[in-house]
Amino acid sequence: MRIIIVGCGKVGTNLAQQLSAEHHNLVIIDEDEAPIQAVSNEVDCLGIVGNGVSHSILKQADIEHADLLIAVTDSDEQNLLCCLIARKTSNCKTIARVRNPLYHSEIEFLKREFELAMIINPEEAAANEISRIFMFPSALKIESFAKGHVDILHFPVAAGSPLDGITVHHIRATMGCNVLICTVKRGEDVFIPNGDSVLHAGDIVGFVASRKDAIAFFKKCHLGINHIDSCMIAGGGKISFYLAKKLLQSGIDTAIVEQDLGRCEELAELLPKATIIHGDVTDQHLLEEEGLANYQGFAALTGLDEENIFLSLYVKSQTHAKVITKINRINFDTVIDQLDLDTIITPQVITADYIIKYVRTMRNVPGSAIENLYKLENGRAEALEFYLTEDSSITNVQLQDLAIRPNTLICTIFRNNKSIIPSGHDTLQKGDHVIVVTANHQTLDIKDIVEG
């Protein structure tokens, strides 16, 4: 597809990298030549220096023949106007990044009136992911499927855990839990295990299950299952606002520490049920005075990666709280992986994943549709949810008779509001939601999981 990206910041750059890897025809537009040059040197794309709102610039980008325009500049208004002009001058689909909380209640109106395919709010998307983890704090990361009925949860295997030294095919038999291990991260290696794979302490394991079965499994692994009751948030930015709003709605006591007095006053007005603390979140005495040790959750969401990392390490050393760390720069992921951090959130990666999912859905073929897509372990694997809209060559055939590609696993079949961990005798049927984990990228159709 021909895709135009307007805005070459962190999100735009990440999108260009991922879409280029999927062999799309890319044009990137930015008013600053430096980021254009940097991205053009890294990926195969056409770079244009200019304002994406300009009709002449969009014509130069060949907007008439574009399939999709993605506007991710720092200005919400510029993004919306750019998409409007693109819609008025072509038949391409449009996606706008809109971040200002002022527009939050008007999203559906804006989407309808500007004829947008999608509005993406990176801060709200990040807050949603953080809140899901606080609801299940033993997990490092959670991906949801089948409208929240099925999850993939990732957690570390501790020394002495019942999983330490066990083979994958023995887990369901010995622990009596309806779960399926679908990914294992061991050091720098990521693989999709088979039944003979042995788990070891230090592994990061991903498993798929319904929420009820996940709770039972965590109990058997001697891991906590209760959501947090209180949370302290470092930094009073947009993510903090959206997160606090969600936590408060869930009945979780929430405090925000913010250094800017004016922002504290804004937050106090917007979030009357939250505790707003004016002060420097890096001040250890302040944290102690405000009862850091009593909070069950801590989210480091300041604007500085280094500050978030040091804060998280300090909180982990002083408390038993579930700690979530926001990191914007992903260039040093190998170094960051070696730090003793709990869960890491990267807003631009979350945003890119949402958009990549939509791009894949644009290429849906008859028979199945991609409902969900998540990049796993820094993009080294993918989890996809397909909805089977009609019978095909792979439906009504026992799974053991399908030549499923290597490094591909059918994790769950969601049928008639029931989650099925499939065996070789199960079949795929029209109307099923099928969750697949694969290390084979470019999976666009359910039939791509089989050889031939």
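In the predicted model, Ala125 is in contact with Ile350 and Tyr354, once its neighbours within four places in sequence are left aside. Ala125 belongs to helix 6, and its relative accessibility of 6% lies under the 20% limit, so the residue counts as buried. A further link across the sequence involves Gln348: the C-alpha atoms of Ala125 and Gln348 are 9.8 Å apart in space, although 223 residues separate the two in sequence.

Helix 6, which spans residues 122-135, also packs against helix 9, formed by residues 238-249, with the two axes coming within 8 Å of each other. The axes cross at roughly 45°. This angle falls neither under 35 degrees nor in the range from 65 to 115 degrees, and the two helices are therefore oblique to each other. The crossing of helix 6 and helix 9 is right-handed. On the side of helix 6, the contact is made by Glu123, Glu124, Ala126, Ala127, Asn128, Ile130, Ser131 and Phe134. Helix 9 contributes Lys238, Ile239, Tyr242, Leu243, Lys246 and Leu247. By class, eight of the residues in this contact are nonpolar, two are polar and four are charged. The charged residues comprise Glu123 and Glu124 from helix 6 together with Lys238 and Lys246 from helix 9, while Asn128 and Ser131 of helix 6 are the polar ones.

A second buried alanine, Ala71, is found in strand 4, which covers residues 68-71. Its relative accessible area is 0%, and Ala71 is therefore classed as buried. Beyond its neighbours within four places in sequence, Ala71 is in contact with Val6, Asn79, Cys82, Cys83, Ile95, Ala96 and Arg97. Ala71 can also be related to Cys8, which is 63 residues away in sequence; the distance between the two in space is 9.6 Å from C-alpha to C-alpha.

A charged residue is likewise found in a buried position. Glu382 lies in strand 19, made up of residues 381-388, and counts as buried because its relative accessibility is 0%. The side chain of Glu382 is joined to that of Lys375 by a polar contact of 2.7 Å. Glu382 thus combines a buried position with a polar side-chain partner, Lys375.

How values were computed
Residues are numbered from 1 along each chain as its sequence is written. This is a predicted model: local features need pLDDT of at least 70, side-chain atom pairs count only at pLDDT 80 or more; totals for chains, interfaces and linings use all residues. Side-chain values use heavy atoms; hydrogens and water are left out. Axes are lines fitted to C-alpha atoms, for helices over the stretch in contact, and angles run from 0 to 180 degrees between N-to-C directions. Helices (H or I, at least four residues) and strands (E, at least two) are DSSP runs, numbered from the N terminus. Angles under 35 degrees count as roughly parallel, over 145 as roughly antiparallel, 65 to 115 as roughly perpendicular and the rest as oblique. A crossing is left-handed if the near helix is turned anticlockwise from the far one by less than a right angle, and right-handed if clockwise. Contact means heavy atoms within 4.5 Å. Buried means under 20% relative accessible area, exposed over 50%, partly exposed in between (1.4 Å probe, protein chains only). A polar contact is a pair of N or O atoms within 3.5 Å; within protein, one must be able to donate a hydrogen and the other to accept it, and residues adjacent in sequence count only if both atoms are side-chain atoms.
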